[in-house]
Amino acid sequence: MLPAGIGISFAILRAGVGFRTMRKYGFASGAAMVAALGVVFGDIGTSPLYTLQSVFSLEDGAIAPTQANIYGIVSTIVWALIIIVTVKYVCFVMSADNGGEGGILALTELVYRSVSQHKPWALALGIVGASLFYGDSVITPAVSVMSAVEGIGIVDPQLSRLVVPVGAAILIVLFVAQRYGTAVVAKAFGPVMVVWFGLLAFLGIVQIAAHPGVLRALSPTYAVGFIVSAPGLAFLAFGSIVLAVTGAEALYADIGHFGRTPIRRAWVYLVLPALVLNYLGQAGMLVDHPERITNPFFLMVPSWATVPLVCVATLATVIAAQAVITGAFSVSKQAQSVGLLPRLAIRQTSNKERGQIYIPAVNWLLFAGVMVLLVVFQSSARLATAYGLAVTGTFLMTTSLFTWYAATVRHWKPWRVVAFAAGFGVIEIALFSANAVKLFLGGWIPLTIGATIIFTMLTWRHGMRMLIARRKEITIGWGDVHAPVTVPGTAIYLHLNHDTPPSALETNVRFNHCLHEHNIIVRVVTSSWPRVLRSQRVTVDKVIGDGHITFVTLTYGFFETPDVPEALPLLRRAGVAVDDKPFYFTGRMMLVNGPNTEMTRLRKKVFAFLYRTQAQPVSYFRLPATRTVNYTSRLIL
């Protein structure tokens with residue numbers, strides 16, 4: 001059985017990762033792999049700290065640490081890593097990049113762009129998946145850091161009272177460090193993760209050498225046997241087994257940061273083997289020492305090594321938090337670019353990589369949520385009950401969208417589509433159901449966060465449509481734009497559309513009674529592609545009054561940062577008359593609650609708040625402050 005189990009595992013591993021695909025894209029440098037380790041794999045790489053402990057602590061020890069249960073559970077964990085992470089994400093989902101960018105919203109764009117019908121359903125799946133990812137992003141830093149710091153309780157039980165303040169201090173440092181960028185964090189954390197995964201493998205090998213029989217758990221027959229012989233216990237265990245695969249979505253979301261190949265190679269050659277060895281090592285130790293189930297990871301080492309292991313584990317869990325924070329930045333920028341969130345102040349932290357960004361608003365909102373959970377729950381065991389629902393919900397959304405993508409874009413044969421959807425769907429529905437029963441034990445937290453994000457995204461999207469429609473109702477037409485005085489120079493007006501005059505232009509004509517010699521109405525749109533060629537950046541839509549007013553569209557990819565002044569040479573190349581130092585005019589609405597019942601008063605207030613607090617056009621579009629005029633006008637919704 002042992003050779004057969006290892007053979008099956010290796011065969012599926014080869015099929016899952018697709019070595020031919022890796023050769024097609026070339027081999028990544030060791031430095032790229034190390035950098036990817038420092039950001040991408042922190043979450044899934046620290047799961048051995050708490051997964052087995054959580055399984056056997058369910059319902060006050062309902063699952064006894066017998067040899068049959070231990071082998072069955074660890075076999076289920078190993079095959080979850082192979083099937084969900086390696087086969088589904090590394091092989092299939094990561095191949096569905098949108099111009100080099102990944103994540104559930106990038107996948108949503110691929111599907112949305114390819115279908116003519118049912119577009120709202122595609123968008124809905126993406127919104128739900130992204131919202132659940134935010135729930136995961138709040139819980140992961142708290143549970144990861146807590147699980148490592150709790151190791152000091154093994155050294156001295158009286159030190160347990162320091163777990164919360166020490167965890168809070170670590171998280172404060174981490175969130176403050178985000179402003180220095182992903183590249184800096186990755187360089188600092190990458191070598192630490194190399195040591196961490198090496199340590200995981202070493203500790204596992206030591207225990208396996210003492211208990212070689214545990215290698216039999218590599219066979220999927222033990223997982224199947226556990227599920228068939230004790231379906232009730234297996235269903236209960238699924239609620240914590242899912243902790244072993246948390247962080248799988250980060251592999252996909254962070255493609256734009258490091259590329260597909262470094263992530264794939266790091267997973268296959270280092271991360272997966274280290275995780276499997278460590279889980280097997282913990283299982284082997286528990287067979288002979290079931291009393292160590294209180295904290296099997298830290299009890300794998302002698303007492304003198306506990307403190308050093310706690311230190312390394314704490315660094316690794318900080319990196320786990322980093323993985324989801326980075327993913328949250330990526331998802332937020334995509335959501336803003338496709339019109340699901342207001343303009344966000346985004347700082348580019350690398351001159352070489354567009355995907356390496358820092359979003360202050362997202363960073364500090366995550367920080368606030370993490371600190372609240374840390375203070376309220378005060379232990380990783382209690383937080384773990386809230387963990388799985390967001391993860392498995394995101395899994396289901398990704399599976400649904402990829403199935404749709406495979407059918408519409410890849411044109412898979414129907415049997416392949418059905419096999420993919422059924423194969424992964426059955427597994428993930430079982431995991432989701434097992435976590436759904438923990439709804440009132442903490443599972444409501446990610447659902448509440450997700451529901452709040454969904455409400456925010458839909459309110460913003462609907463509110464912007466109302467605002468544009470209302471502007472069309474009350475604004476003057478282009479035929480009524482007349483000014484008795486023409487002043488020299490170029491004025492650039494930023495506006496959402498070309499159907500109505502910008503409010504800033506209306507105000508300029510009404511109060512200053514003048515227009516510039518050349519007026520350029522610029523509409524900035526976001527493409528469904530991550531990046532747009534410079535040659536395709538500028539589109540001259542129409543010209544009226546012998547060049548007196550020119551309508552221009554600037555197109556940016558959803559992973560690009562709009563920079564209007566940088567586009568001036570492209571405007572000249574397109575034949576638009578513009579001087580070297582034009583003046584920029586922007587308009588801002590002061591929204592007032594009106595009688596329109598299309599939205600409730602609450603949603604109108606939320607939309608008004610989002611509109612008022614979004615990033616200012618000067619910073620968002622990189623406009624020069626000394627040559628930018630902002631007009632404010634009142635609008636009743």
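This briefing goes through selected residues, strands and charged pairs of the structure shown above. The model is predicted, and the points below are grouped by topic. A search of the whole structure finds four salt bridges, and three of the pairs are described here one after another, including the one between E428 and K88. Other points concern buried residues such as S47 and I319, a nonpolar patch on the surface, parallel strands, and two residues with an unusual sign of phi, H411 and R622.

**Two buried residues**

- S47 is placed in the loop that runs between α4 (42-45) and α5 (51-56), and S47 counts as buried because its relative accessibility is 0%, where the cut-off for buried is under 20%.
- The side chain of S47 has a polar atom that lies 3.4 Å from the backbone oxygen of D43.
- When its neighbours within four places in sequence are left aside, S47 is in contact with L243, A244, T246 and Y279.
- I319 belongs to helix α17, which covers residues 306-337, and I319 counts as buried because its relative accessibility is 0%.
- Although I319 and L37 are 282 residues apart in sequence, their C-alpha atoms are 9.1 Å apart in space.
- L37 is also among the residues in contact with I319 once the neighbours of I319 within four places in sequence are left aside, and the others are G38, V39, G42, F189, V192 and M193.

**A nonpolar patch on the surface**

- I172, V176 and W364 together make a nonpolar surface patch of about 250 Å².
- W364, one of the residues of this patch, lies in helix α18, which covers residues 360-377.
- W364 counts as partly exposed because its relative accessibility of 38% falls between the cut-offs of 20% and 50%.

**Parallel strands around β4**

- Strand β4 (residues 514-526) runs parallel to strand β3 (residues 485-494), and eight bridges join the two.
- One of the residue pairs to look for in the structure is A491 with its bridge partner N519, which lies in β4.
- Strand β4 is also joined by eight bridges to strand β6 (residues 549-556), and these two strands likewise run parallel.
- Here the residue V524 has L554 in β6 as its bridge partner.
- As general background, the side chains in a regular strand alternate between the two faces of the sheet.

**Salt bridges**

- As general background, side chains of opposite charge can pair when their charged atoms come close.
- The side chains of E428 and K88 meet in a salt bridge, with a distance of 2.7 Å from N to O.
- E428 lies in helix α21 (residues 414-436) and K88 lies in helix α6 (residues 67-92), so this pair ties together parts that are 340 residues apart in sequence.
- Both members of this pair, E428 and K88, are buried.
- R537 forms a salt bridge with E560, and the closest N and O atoms of this pair are 3.2 Å apart.
- This pair links distant parts of the chain, 23 residues apart, since R537 sits in the loop between β4 and β5 (538-544) and E560 sits in the loop between β6 and α24 (568-573).
- R537 counts as buried because its relative accessibility is 8%, and E560 is buried as well, with a relative accessible area of 9%.
- R572 forms a salt bridge with D580, and the closest N and O atoms of this pair are 3.1 Å apart.
- In this pair R572 counts as partly exposed because its relative accessibility is 33%, whereas D580 counts as exposed because its relative accessibility is 63%.

**Residues with a positive phi**

- As general background, most residues other than glycine have a negative phi.
- H411 is not a glycine, and yet H411 has a positive phi of about 55°.
- The place of H411 is in the loop between α20 (388-408) and α21, and H411 counts as exposed because its relative accessibility is 59%, where the cut-off for exposed is over 50%.
- R622 is not a glycine either, and R622 has a positive phi of about 60°.
- R622 is found in the loop between α26 (617-620) and β8 (628-636), and R622 counts as partly exposed because its relative accessibility is 32%.

Definitions and conventions
Residues numbered from 1 in each chain as written. Predicted model: local features only at pLDDT ≥ 70, side-chain atom pairs only at ≥ 80, totals over all residues. Heavy atoms only, no water. Helix = DSSP H or I, 4+ residues; strand = E, 2+ residues; numbered from the N terminus. Buried < 20%, exposed > 50% of the residue type's maximum accessible area, 1.4 Å probe, protein only. Polar contact = N/O pair within 3.5 Å; in protein donor to acceptor, adjacent residues only side chain to side chain. Contact = heavy atoms within 4.5 Å. Patch = residues over 30% accessible without salt bridge, like charges linked within 9 Å, V, L, I, M, F, W, Y side chains within 5 Å. Areas by Shrake-Rupley, 256 points an atom, 1.4 Å probe, with all protein chains shown as cover. Pairing = 2+ DSSP bridges.
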